[in-house]
Amino acid sequence: LYNFFRWRMIPNCTGRFTCKDQKKVSHLPPVELLCNAGIDLAVIDRLRQYFVLIENERKDPIYVIPFADDGSTGLITYLKMNEENTIRYVHTLNSGSGFKRKLDAINVVLSDDCLVGMAHKPFI
C-alpha cells in the first residue's frame with residue numbers, strides 16, 4: 001500500500017501518513033483502496049474493518065483496518081461530506097506508534113460492536 005500510492009508524513013505526527021493522491025483515492029472506501037493497490041482479496045478477507053461514530057463531538061466518522069493481529073499498525077480513514085453531499089475519504093496510513101497513538105488520542109477502542117463487513121456502506 002505504501003509503495004503503490006504517494007504518501008506524505010502528517011506534520012508533527014510521527015508514524016502517520018496521508019495519501020498525496022487524493023484525486024485518485026478520495027472516492028474509494030478503504031477496501032477499494034486496498035484492492036486498487038493490488039492487495040490480494042484473500043488477504044483483504046482476513047482483515048477486520050471497524051466503523052466508528054464519535055458521539056458527542058464534532059468529529060468525522062472513521063473506518064479502521066488494523067493490518068496486524070495485535071493492532072499495531074493499520075489504515076484509518078476519515079469520512080467527510082463534500083459540497084455535492086457525497087462522501088470523500090481521507091486515508092491515513094499508520095506505523096505501529098502512530099496507529100495506537102491516534103486511536104488513543106481520539107478515545108477509540110476497537111470492539112466487536114464497531115466491527116462491520118468489508119462491503120459496509122456508511123450512513124452519515
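Which residue is the bridge partner of V52 in β4? In this predicted model, that partner is I62. The report below begins with the sheet to which β4 belongs, and then turns to the packed helix, the largest pocket and two loop residues.

**The sheet**

The sheet is open and consists of 7 strands, which follow one another in the order β1-β2-β6-β5-β4-β3-β7 with antiparallel pairing. Its edges are formed by β1 (7-9) and β7 (115-116), each of which has a pairing partner on one side only. The table lists strand pairs with their bridges and one pair of opposed residues.

| Strand pair | Sense | Bridges | Opposed residues |
|---|---|---|---|
| β1 and β2 (residues 16-19) | antiparallel | 3 bridges | R8 and T18 |
| β3 (residues 49-52) and β4 | antiparallel | 3 bridges | V52 and I62 |
| β4 and β5 | antiparallel | 5 bridges | I62 and Y78 |

I62 thus appears in two of these pairings: it is the bridge partner of V52, and it stands opposite Y78 in β5.

**Strand β4**

In a regular strand, side chains alternate between the two faces of the sheet. In β4, I62, V64 and P66 point one way, while Y63 and I65 point the other way. Residues on both sides of the strand are buried. Because 5 of the 5 residues of β4 are buried, the strand is largely enclosed by the rest of the structure.

**Helix α4 and L103**

Helix α4 (residues 96-105) packs on the sheet, where it touches β2, β4 (62-66), β5 (74-81) and β6 (87-94). The direction of the helix makes an angle of about 45° with that of β5.

L103 belongs to this helix. Is L103 buried or exposed? With a relative accessible area of 7%, which is under the 20% limit, L103 is buried. Leaving aside residues up to four places away in sequence, L103 touches V64, I76, V108 and L110. Of these contacts, the one with V64 joins residues 39 places apart along the chain, and their C-alpha atoms are separated by 9.3 Å.

**The largest pocket**

The largest pocket has a volume of about 350 Å³. It is lined by 17 residues, of which P66, F67, A68, D69 and G71 are the closest to its centre. P66 is also one of the buried residues of β4. By class, the lining comprises 10 nonpolar, 2 polar and 5 charged residues. At least two lining residues come from each of α3 (41-46) and α4. The largest share, 3 residues, is supplied by α4, the helix that also packs on the sheet.

**Two loop residues with positive phi**

N12 lies in the loop between β1 and β2. Although N12 is not a glycine, its phi is positive, at about 60°. N12 is exposed, its relative accessible area being 83%.

N107 is located in the loop between α4 and β7. Phi of N107 is likewise positive, near 55°, in a residue other than glycine. Where N12 has a relative accessible area of 83%, that of N107 is 65%, and N107 is exposed.

Technical notes: Residues numbered from 1 in each chain as written. Predicted model: local features only at pLDDT ≥ 70, side-chain atom pairs only at ≥ 80, totals over all residues. Heavy atoms only, no water. Pairing = 2+ DSSP bridges. Helix = DSSP H or I, 4+ residues; strand = E, 2+ residues; numbered from the N terminus. Contact = heavy atoms within 4.5 Å. Axes fitted to C-alpha atoms, helices over the stretch in contact; angles between N-to-C directions. 1 Å grid on protein atoms, 1.4 Å probe; cavity = no way out; pocket = protein on both sides within 12 Å on 5 of 7 lines; lining within 4 Å. Points joined across faces, edges and corners; volume = space filled by probe spheres on them. Nonpolar A, V, L, I, M, F, W, Y, C, P; charged D, E, K, R; others polar. Buried < 20%, exposed > 50% of the residue type's maximum accessible area, 1.4 Å probe, protein only.
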